[in-house]
Amino acid sequence: MSDAAISAVAELIADRAADRAAATPRPRRPRRLAQPDDVDQALRAIPPPEYVASLADADVPEHGGMVHCPLPDHDDRRPSCMVYAEPTRGWFCWGCSRGGTIYDLAAHVWGLRTRGDDFRELRHRLRAELLGGL
Ligand SMILES: [Zn+2]
């Protein structure tokens, strides 16, 4: 290969490296809402039997079990909602196919969504009612 060809190839490689560097996205700042904080962790650690009993004013066995659906729009004549003992499992109603976390239950009970301003409202109210304003 001639010197001219070698320098042409070297220039091409340098150009490509510069293009790649320019195309590399800058690291983004993490989204604030994606960071669980102390309140979120404390809320997510509350055992489902405790928060279902409190939010839905329902009788729930201490270690969980089947209860009448706590959702206001489900007239559940036979207990069809499973309340698990572990916070990671939450609750699930086999009658209306709804379930989830403490946030999902509070959203249904209070008529809020789990996003945006509604989510902030949920968190605020859950914090006041279940964590004593921690
Ligand atoms: Zn239900």
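**Figure 1. What the buried residues of helix 4 pack against in this predicted model.** The partners here are helix 2 (38-44), helix 3, strand 3, strand 4 (98-100) and helix 5. So who's doing the packing: which residues of helix 4 are buried? They are Ile102, Leu105, Ala106 and His108. Look down the axis of helix 4 and these buried residues fall within an arc of 160°, so they line one face of the helix. Just past the end of helix 4 sits Gly111, with a positive phi of about 70°.

**Figure 2. Helix 4 meeting helix 5.** As a bit of background, two packed helices are described by the angle between their axes and the distance between the axes. For this pair, the axes come within 10 Å and cross at roughly 100°. With that crossing angle, helix 4 ends up roughly perpendicular to helix 5. On the helix 4 side, the contact is made by Ile102, Tyr103, Ala106, Ala107 and Trp110; helix 5 chips in with Leu122, Arg125 and Leu126. Sort the contact residues by class and you get seven nonpolar, no polar and one charged. Two of the names from helix 4, Ile102 and Ala106, also turn up on its list of buried residues.

**Figure 3. The largest nonpolar core.** In soluble globular proteins, nonpolar side chains tend to be buried together. The core shown here has 17 residues, and Val52, Cys81, Val83, Ile102 and Leu105 are the ones that touch the most other members. Which elements each supply at least two residues of this core? Helix 3 (48-56), strand 2 (81-83), strand 3 (91-93), helix 4 (102-110) and helix 5 (116-130) do. Zoom in on Val83 and, leaving aside residues up to four places away in sequence, you'll find it touching Pro48, Pro49, Val52, Val60, Gly64, Gly65, Val67 and Trp91.

**Figure 4. Helix 3 and its neighbours.** Pro48, Pro49, Tyr51, Val52 and Ala56 are the buried residues in helix 3. What do they pack against? Strand 1 (65-67), strand 2, strand 3, helix 4 and helix 5. Three of these buried residues, Pro48, Pro49 and Val52, also show up among the residues that Val83 touches. Follow the chain out of helix 3 and you run into Asp57, whose phi is positive, near 50°.

**Figure 5. Two loop residues with positive phi, Asp57 and Ser97.** Most residues other than glycine have a negative phi, and most peptide bonds are trans. Asp57 isn't a glycine, yet its phi is positive, at about 50°. Where is Asp57 found? In the loop between helix 3 and strand 1. Is Asp57 buried or exposed? Exposed, with 9 other C-beta atoms within 10 Å. Ser97, another residue other than glycine, has a positive phi near 55°. It lives in the loop between strand 3 and strand 4. Ser97 is exposed too, with 7 other C-beta atoms within 10 Å.

**Figure 6. Stepping back to the protein as a whole.** The protein has five helices and four strands, and reading along the sequence gives the pattern α-α-α-β-β-β-β-α-α. How many of its 134 residues count as buried? The share is 17%. As for contacts between residues at least 6 apart in sequence, 38% join residues at least 24 apart.

Methods. Residues numbered from 1 in each chain as written. Predicted model: local features only at pLDDT ≥ 70, side-chain atom pairs only at ≥ 80, totals over all residues. Core = buried A, V, L, I, M, F, W, Y, C linked by C-beta atoms within 7 Å. Buried ≥ 20, exposed ≤ 12 C-beta atoms within 10 Å, placed from the backbone. Contact = placed C-beta atoms within 7 Å. Arc of directions from axis to C-beta. Axes fitted to C-alpha atoms, helices over the stretch in contact; angles between N-to-C directions. Parallel < 35°, antiparallel > 145°, perpendicular 65-115°, else oblique. Nonpolar A, V, L, I, M, F, W, Y, C, P; charged D, E, K, R; others polar.
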